[in-house]
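Let's walk through this one together, from ring contacts to hairpins to a pocket. Keep the viewer open as you read.

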Amino acid sequence: GVWGADNNHVLAVGDDGICYQYDGQQWLGRPTYTSSNLNGIWGSDWTDVYAVGNNGALVHFDGVSWSTFDSGTDVNLFGCWGTGPDNIYVCGGLGTMLHFDGQQWESQETGVTQALDSVWGFHADDIYAVGVSGQITHFDGETWTPENSGTTERLWSVRGLPGHPPVAIGANGIFLTRGEDDWNPQVIAEGRLMYGMWDDHDNTLLMTGYNGLLQRMTDPAWQVLNVGHTHWIKGVWSPTCERVYAVGKDGVV
């Protein structure tokens, strides 16, 4: 996973609790005080960043150092996202969803039982989580409700552009767009595995995947930026889409 506040403040996390911080010039190691693989990262600002991982790992960065928290679960945690420091969601195995209200973490019922890999929303009352076997569940501010994805492929990321329906990506090039009643699947990227997404909050989505895939969608055109030159690219983040940070297997940045 990768997240930042700006081009001089970027954090990347990964296997065995590894973390590197980019200061605009170089990447420097930062101890997270966990040995669990860290899978997802999100922050409300540079002094309030959370990373989540295997065996319920939950760590917090205050702008200077990391500290560990008790998540209350030992399932693997995969995704983290929020609208602010007092409204954060973490998803993981067995349909787990944890919510932080600024004071404590509490479990929420999602209506699904298999792993959720990613959580993201337009607003506090319009949030989506996706995962294994094409699972999608939607939060309206009060209740999580499962939705029909139209696929059984594993979904690794969900995101959306302003004024457009949300999309989800996953295994074997699956690309879903939410319709009025359900999600509409198609296959893109020549069927490659697709893991991560980011957007410019305007009209461009960035997607990452297997075999170094980096792809841009500026509605309605698709453009492949990179493929076949490195390992799996799983996480992507950018402050403006003018400079983009992508991370993946074997320490690739």
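**Rings, turns and a pocket**

Start with the aromatics: the count comes to 20 aromatic pairs. Keep in mind that this is a predicted model, so everything here is computed from its coordinates.

One of those pairs is W46 with F61, an edge-to-face arrangement with 5.3 Å centre to centre and 75° between the planes. The two partners come from distant parts of the chain, 15 residues apart. W46 sits in the loop between strand 5 (38-45) and strand 6 (48-53), while F61 belongs to strand 7 (residues 58-61). Are these two rings buried or exposed? W46 has 13% relative accessibility, so this residue counts as buried. F61 comes in at 0%, and therefore counts as buried too. The cut-off behind both calls is under 20% relative accessible area.

Now look for a ring cluster: Y22, W27, W198, W237 and Y245 are linked by ring pairs. W198 also has a charged visitor, since the charged end of R159 sits over the W198 ring, 4.1 Å from its centre. A similar arrangement turns up at W232, where the charged end of K249 sits over the ring at 4.5 Å from the centre.

Next, the hairpins. Strand 2 (9-13) and strand 3 (19-22) run antiparallel and are joined by 4 bridges. Within that pairing, A12 stands opposite Y20. The hairpin has 5 residues between its strands, and D16 in the turn has a positive phi of about 60°. What makes that angle worth a look? Most residues other than glycine have a negative phi. D16 is a residue other than glycine with a positive value. With 57% relative accessibility, D16 counts as exposed, because the threshold for that label is over 50%.

Strand 3 has another partner: 3 bridges join it to strand 4 (residues 27-29), again in the antiparallel sense. Here Y20 stands opposite G29, so Y20 can be followed from A12 in strand 2 across to G29 in strand 4. This hairpin has 4 residues between the strands, and G24 takes a positive phi near 100°.

Further along the chain, strand 15 (residues 136-139) and strand 16 (residues 144-147) pair antiparallel over 4 bridges. H138 stands opposite T145 in this pairing. These strands form a hairpin with 4 residues between them, and G141 in the turn has a positive phi of about 105°.

Where does H201 lie? It is in the loop between strand 21 (194-199) and strand 22. Phi of H201 is near 60°, a positive value in a residue other than glycine. H201 is exposed, with a relative accessible area of 53%.

Finally, the second largest pocket, which has a volume of about 300 Å³. Its lining has 18 residues, of which L214, L225, V244, Y245 and A246 lie nearest the centre. The elements that give two or more residues to that lining are strand 22 (204-209), strand 23 (214-218), strand 24 (221-226), strand 25 (233-237) and strand 26 (245-248). Strand 22 gives the most, with 4 residues. By class, the lining has 12 nonpolar, 5 polar and 1 charged residues. Y245 ties this back to the rings: it lies among the residues nearest the pocket centre and belongs to the aromatic cluster with W237.

Note on methods:
Residues numbered from 1 in each chain as written. Predicted model: local features only at pLDDT ≥ 70, side-chain atom pairs only at ≥ 80, totals over all residues. Heavy atoms only, no water. 1 Å grid on protein atoms, 1.4 Å probe; cavity = no way out; pocket = protein on both sides within 12 Å on 5 of 7 lines; lining within 4 Å. Points joined across faces, edges and corners; volume = space filled by probe spheres on them. Nonpolar A, V, L, I, M, F, W, Y, C, P; charged D, E, K, R; others polar. Pairing = 2+ DSSP bridges. Phe/Tyr/Trp six-rings, centres within 6.5 Å; stacked < 30°, edge-to-face > 60°. Buried < 20%, exposed > 50% of the residue type's maximum accessible area, 1.4 Å probe, protein only. Lys NZ or Arg CZ within 6 Å of the ring centre and 35° of its normal.
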